[in-house]
Amino acid sequence: MPPIPGPENQSKVTIHFQPQDRLTRVPAGSSLFNAANWIGLAIDSTCGGMGTCGKCRVRLQVGETSITQADRKVFSNEDLEAGWRLSCRAEVQTDIVCEVPRLMGNPKAAIMGFGRHVILNPNVHKVPLKLEPAALEDQRSDFERVRAALDTEGFEVVAGLAVRRQLPKTLRNADWNVTAVVVGQQLIAIEPGDTSERTFGVSFDIGTTTVVGLLINLANGAPVAAKSVLNGQASFGADVIARISHTMMNEGGLKQLTDRIIGSLNEVLAGLLAEGQVAAEEVYEVVVAGNATMTHLLLGLDPEAIGVEPFIPVADDLFQVRAAELGLTVHPEAPVVILPHIGAYVGADLVAGILATGIQQKPGLRLLVDVGTNGEIILGSQARTLATAAPAGPAFEGARIQDGMRAATGAIEVVKLSDAGVTLQVIGEVPPIGLCGSGLLDIVAQLRLVGLLDASGQMLTPAAAAAQVAPALAQRVILGADGVKAFILAYPHESGTGKALQLTQRDVRELQFAKGAIAGGIAVLMNELGVTADDLEEIYLAGSFGSYINPLSARVIGLVPAVPVERIKAVGNSAGEGARIALVSFRERSTAQAIPQLVEYVELSGRADFNDAFIEVLAFPPLAELALQPA
Ligand code: FES
């Protein structure tokens, strides 16, 4: 893949914010407002950086920016002379030192993501208006009357045809008392009376397997309802390559997949609206995170070039489309915002994950790993952040594992070994029928900890096991009919299938290859930054699978670098959380928009050092290094 323009490829300037004493380097041409946002420094604003509220004042102390029309509206000549500028309009071309006035009062904020303080400023504003009725002495058009009233409230708006059609009847029937619904700079609706308390949005995380939606009250940022369904495309293949192939091999295949995902989103919406007792027309904005293939299929974009070298998406920028164009059952004029991608295999889901964890804003070094068929890896800090995708294969999803299965009812998700035998935790608390990814990691880590697996991944023979481990465990080590060693997790009478459930030597090898790809990718990024495990402050395990991984197991098998286990955190659905943050905060959305420029993409295919690292990390770390005991 060609290099994504990153910090190395663009000229950058240094901004020093005072009196907070915060320094940052940003691409030339960025606004001072965005530069502050990207390092989590709040500048006053009610318009979210649109240049209309006049609140985002800063004073230049060193360096210059051009004076804009918006500046002239707000500042006197003396103010401009003294260096005052609207930071959202001030594009930086040289190094700058500027003063940021302290915020007047505390902005409304909520803790979101992972301990992040997110200032609530949605892109949706509901503005109650008491308009002067039209009269012979005041013959302004309906729209001009609304536009002028909004202007005095600090909103500069334009209006499309749909809302213009609504205006005459709504204004007169409501006796000129209405609520304007403004999204960004677009007036999308006029509602009778004061409906300002009813403002909702929906964030989606579209996974290849599962679609998750959150209905959010945009007045306070609180979630109202959550719902997930299986991605309706699942019957066309389990992974993105199968879905892309379907569009290539079948006429009408792309439309079929687009229809399916829209169907899934509408199914989620129906559930959310019913649970939250919210009307579809009260949802004014939708934000979507998902991998590049999923967002291509959602938009009906041909994903073929993503599937083959050199892996090129149709587009990777933040993009928005009207809900009615997609056929989503929310307000028809509501924008559906698709977060940007970093690369064909480091998609908007990871951009949302970076936003939720704030990796690129923090001074300390952090690692984010979304474990799956395609392991997505982010490593960095505010100084420099790298991203890559490692081809782990489907072992983590239970494929190519003898008794493997997806994380569904009957899957073993947690395994503990002790001298007394095996303890299993099964999804749905039913007799086990297979082993899902987190259970697979657990059993391999536990076998390693009790000494049934050596560092190379070799399982002890039954005879060696009898000599070295407790009888209750040793008796479970068998030689299968084909001579392959295996460990019995559940005997036939305990299993829901009536057959023994086993972990075989081959399964251990499959897991080693899968973890080798991810650990190898991490090693390449660490070398690139010149850092070691000791430099890592935290490791985040993300995604629908990563969240269920026992950090101890991840550490024991060497999936992640050697840091104390308490620094490894399962962060849940970071993509969904990032989408929610981008929905409730327009500032954070602009940060998400900038993330692809702030993060450098590292392509692993064809890199000799990745192949070397992969071979090196196939073995398990020595137990002595772990300083761990079996849990
Ligand atoms: S004018 Fe509102 S943020 Fe700049």
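This is a guided tour of selected strands, one pocket and several salt bridges in a predicted model.

**Stop 1: strand 12 and its partners**

Begin by selecting residues 200-206, which form strand 12. Of the 7 residues in this strand, 7 are buried. In a regular strand the side chains alternate between the two faces of the sheet. To follow this here, colour Phe200, Val202, Phe204 and Ile206 as one side of strand 12, and Gly201, Ser203 and Asp205 as the other. Both faces are covered, and the residues on each side are all buried.

Next, add residues 210-217, which are strand 13. Strand 12 pairs with strand 13 in the antiparallel sense, over 7 bridges. The two are connected by a hairpin of 3 residues. Display Ile206 and look across to strand 13, where Val211 stands opposite.

Now add strand 15, residues 283-290. Which way does strand 15 run relative to strand 12? The two strands run parallel, and 7 bridges join them. Keep Ile206 displayed, since the residue can be used as a marker for this pairing too: the bridge partner of Ile206 in strand 15 is Gly290.

**Stop 2: strands 24, 25 and 26**

Move to strand 25, residues 485-490. Why is this strand described as largely enclosed by the rest of the structure? The description applies because 6 of its 6 residues are buried.

Select strand 24, residues 477-479, alongside strand 25. Strand 24 and strand 25 are antiparallel and share 3 bridges. One of the bridge pairs to display is Leu479 with Lys485, the latter in strand 25. A hairpin with 5 residues between the strands makes the connection. Within that turn, select Gly483, which has a positive phi of about 80 degrees.

Strand 26, residues 501-504, also pairs with strand 25. This pairing is antiparallel and consists of 4 bridges. Display Phe487 together with Leu503, its bridge partner in strand 26.

**Stop 3: His125**

Select His125, which lies in strand 8, residues 124-130. Is His125 buried or exposed? The residue has a relative accessibility of 17%, and therefore counts as buried. Show its side chain and the backbone of Pro122: the His125 side chain reaches the backbone oxygen of Pro122 at 3.3 Å.

**Stop 4: the second largest pocket**

To find the second largest pocket, select Met50, Leu318, Gln320, Phe586 and Gln593, the lining residues that lie nearest its centre. The lining comprises 34 residues, and the volume of the pocket is about 660 Å³. Several elements give two or more residues to this lining, including helix 1 (32-38), helix 5 (161-173) and strand 11 (186-192). Strand 16 (319-322), strand 17 (335-338) and helix 19 (586-598) are also among them.

Which element gives the largest share of the lining? Helix 19 does, with 7 residues. If the lining is coloured by residue type, 16 residues appear as nonpolar, 14 as polar and 4 as charged.

**Stop 5: salt bridges**

The model contains 22 salt bridges. Side chains of opposite charge can pair when their charged atoms come close. Three of these pairs may be visited in turn.

Select Asp138 and Arg145, whose side chains meet in a salt bridge at 2.8 Å, N to O. Both Asp138 and Arg145 are buried.

Then select Asp259 and Lys255, where the N to O distance in the salt bridge is 2.7 Å. Asp259 and Lys255 are separated by about one helical turn, because they are 4 residues apart in helix 7 (residues 253-276). At 40% relative accessibility, Asp259 counts as partly exposed. Lys255 has 54% and so counts as exposed.

Finally, select Glu538 and Arg366, a salt bridge in which the closest N and O atoms are 2.7 Å apart. This pair links distant parts of the chain, with Glu538 in strand 27 (residues 536-542) and Arg366 in strand 18 (residues 365-370), 172 residues apart. Glu538 and Arg366 are both buried. To complete the tour, add Glu537 and Lys569 to the selection: Arg366, Glu537, Glu538 and Lys569 are linked in a network of salt bridges.

Methods
Residues are numbered from 1 along each chain as its sequence is written. This is a predicted model: local features need pLDDT of at least 70, side-chain atom pairs count only at pLDDT 80 or more; totals for chains, interfaces and linings use all residues. Side-chain values use heavy atoms; hydrogens and water are left out. Buried means under 20% relative accessible area, exposed over 50%, partly exposed in between (1.4 Å probe, protein chains only). Two strands pair if DSSP finds at least two bridges between them. A polar contact is a pair of N or O atoms within 3.5 Å; within protein, one must be able to donate a hydrogen and the other to accept it, and residues adjacent in sequence count only if both atoms are side-chain atoms. On a 1 Å grid over the protein atoms alone, a cavity is a set of points where a 1.4 Å probe fits but cannot get out, and a pocket is an open set with protein on both sides within 12 Å along at least five of seven lines; lining residues have an atom within 4 Å of a point. Grid points are joined across faces, edges and corners, and a volume is the space filled by probe spheres set on the points. Ala, Val, Leu, Ile, Met, Phe, Trp, Tyr, Cys and Pro count as nonpolar, Asp, Glu, Lys and Arg as charged, and the others, Gly among them, as polar. A salt bridge is a side-chain nitrogen of Lys or Arg within 4 Å of a carboxyl oxygen of Asp or Glu.
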